[in-house]
Structure formats: structure tokens, C-alpha cells
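Thanks for coming, everyone. I have one model to show you today. Let me put it on the screen.

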Amino acid sequence: MNFTELLRHVGIFGGAVIVSLALLSVFSVAMIIDKHRRFSSTTRESEKFKPEFKKFLHGGDVQNLVEAGRLHPNSHVAQVVSAGIIEYDDVGQSGGDPTASLELVTSALRDSISETLIQLKRGLGFLATIGSTAPFVGLFGTVVGIINAFRSIAATGSGGMSVVSGGIAEALVSTAMGIFVAIPAVVAFNHFTGKIETFHVEMNRASSQLVNRLFKIPELKGLDLEMAEVKAPTVKKEGPAYATR
């Protein structure tokens, strides 16, 4: 008995389970394609934005960095860096003190990272739900199919293939469909979760580098000056020589 013949023997309830699993599979594939495009876009644009960010870290112009952030709005790194730059400019124009500016910029960076992560994680809960529930939906259809098979045996009093084929068809097809739907969803969820962890690390690194570039800690400045004085060569002053008697 091939797969087509099995489907012909599926009952109404088994057919409803199979249709439900087929719809979940369609939604899962659509979500996987959408997240793949989103992650590919943010990765590609971030790779284009990073050279401009490195130039800024080594003394580049801030206007070039802002313009690069506008050209790559889908980049997760650009979103975080742009949020920090905008907050820094707003505080500077309002004449705030450096300590308050540091706190506000750090808060803006933290909020931007959180918001970007929320956007990246959107839809992953749906994939996780499909991956965890699809096998149980298939198992439910399997149990119902076995029950129908035993009911057919009880009704006819015999256990021939023609009697139990409908119940067995529901059980086998439901099990196969549940596993078929769950595996891609689980694999995609784990893959995208790993990508998000990588994005999170990159955003944290970019925010730390931006703060170090924009602000200088006074204690570190004083330490640098002291080290420079220690390393500077001492010049001996030569005064007039007096003869000793």
C-alpha cells in the first residue's frame, strides 16, 4: 500500500489532523523563509557598515558614520551605533555634563540593543511552538487511528487488512506528518537562535567600542599623563661652576 492509497483510507478525523499539520507546515516554511531573508539582510548590511565604524573608531568623521547608518537601516550594528550617536549629539547640543551624557548614551545603547533583539526574535516563538507540538498532534491522530482500527475489528469480528486499513492509514500518516512538520521547525529555531546570540555579541561589542571612542575617563587621563612624565627623559640643568677652595 503506497502513500496515496493510505490517504484514501483516512477517515474524517484523521483528515482533519493531517490538514492541520499541513497548514502548520506551510506557516512554518513561510516563517523560516522570512527570518532567513531578514537575517541575511542584516548580516549583509552590517558587513558593509563595519568598515565605516572602524574608520570612526580610528579618528574618522562622525558625519560619515551617521550617513553610513542611514544607508544601512537593516543592520543591527548600525541601529545600535546610530542610537548612541544621536543621543550623544542631543546631550552635547543641550550642554549636559559629561557624566550625565555617559549615562544617557549608555542607556540609549542598551535600549536599542533590547529593541533590536525583540525585532530579531519575532516569530521564533511560533517556530518553537510548532516544533514542540506537531509531534503530539501527529501522535493524537495516531492514537485515534489505532482506536478506529480496533473498533473496526470489533464491529466485523475479524482482523483482515481491509478491515483495519483505514485506522492504520490514519495512524501512519498522522505520525509521519507530525515528524515531517516538527523537524524543520526545530532545526530552524536552533539555527536562528544561534544567529541571534552572535548578533547580540556584535551589538554589545559595538556599543562598548562606541562609548570608549566618545568618552574619556578622567582617571585614565591622569594615569596617562603620569606615565608620560615618568617616561620623559630628565634634562640636567647646568649652572655656573664655582671653584672650591
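A quick definition first: helices and strands here are DSSP runs, with at least four residues for a helix and at least two for a strand. On that basis, the protein chain has 8 helices and 0 strands. Along the sequence the pattern reads α-α-α-α-α-α-α-α. Keep in mind that this is a predicted model.

Some totals. The chain has 245 residues, and 32% of them are buried. About 15,400 Å² is exposed, with carbon and sulfur atoms supplying 62% of that area. Now the contacts with a separation of 6 or more: 80% of them join residues 24 or more positions apart.

On to helix α2. It covers residues 12–57, which is 46 residues. What span should we expect from that? At 1.5 Å a residue, 68 Å. The end C-alpha atoms are 65 Å apart, so the two values agree. There is a kink, though. It is about 30 degrees, at Phe49, shortly before Pro51. Just after α2, Gly59 takes a positive phi of about 100 degrees.

Stay in α2 and look at Ser46. Is Ser46 buried or exposed? Its relative accessible area is 1%; the cut-off for buried is under 20%, so Ser46 counts as buried. Where do its polar atoms go? A polar atom of the Ser46 side chain lies 2.7 Å from the backbone oxygen of Thr42. The Ser46 side chain also makes a polar contact with the side chain of His76, at 3.0 Å. Leaving aside neighbours within four places in sequence, Ser46 is in contact with Ser75, His76 and Val77.

Next, the core. In soluble globular proteins, nonpolar side chains tend to be buried together. Here the largest nonpolar core has 40 residues. Which residues touch the most other members? Phe49, Phe53, Val81, Leu127 and Leu210. The elements giving two or more residues to this core are α2, α3 (62–71), α4 (76–94), α5 (98–121), α6 (124–156) and α7 (161–214). The largest share comes from α7, with 14 residues. Note that Phe49 appears twice in this talk: at the kink in α2, and in that list of core residues.

One last residue, Leu127. What is Leu127 in contact with, leaving aside neighbours within four places in sequence? On one side of the numbering, Ser28, Met31 and Ile32. On the other, Ala185, Ala188, Phe189 and Phe192.

That's it from me. Happy to rotate the model for anyone.

How values were computed:
Residues numbered from 1 in each chain as written. Predicted model: local features only at pLDDT ≥ 70, side-chain atom pairs only at ≥ 80, totals over all residues. Heavy atoms only, no water. Expected span 1.5 Å × (residues − 1). Bend = angle between axes of the 7 residues up to and from the residue. Buried < 20%, exposed > 50% of the residue type's maximum accessible area, 1.4 Å probe, protein only. Polar contact = N/O pair within 3.5 Å; in protein donor to acceptor, adjacent residues only side chain to side chain. Contact = heavy atoms within 4.5 Å. Areas by Shrake-Rupley, 256 points an atom, 1.4 Å probe, with all protein chains shown as cover. Core = buried A, V, L, I, M, F, W, Y, C linked by side-chain atoms within 4.5 Å.
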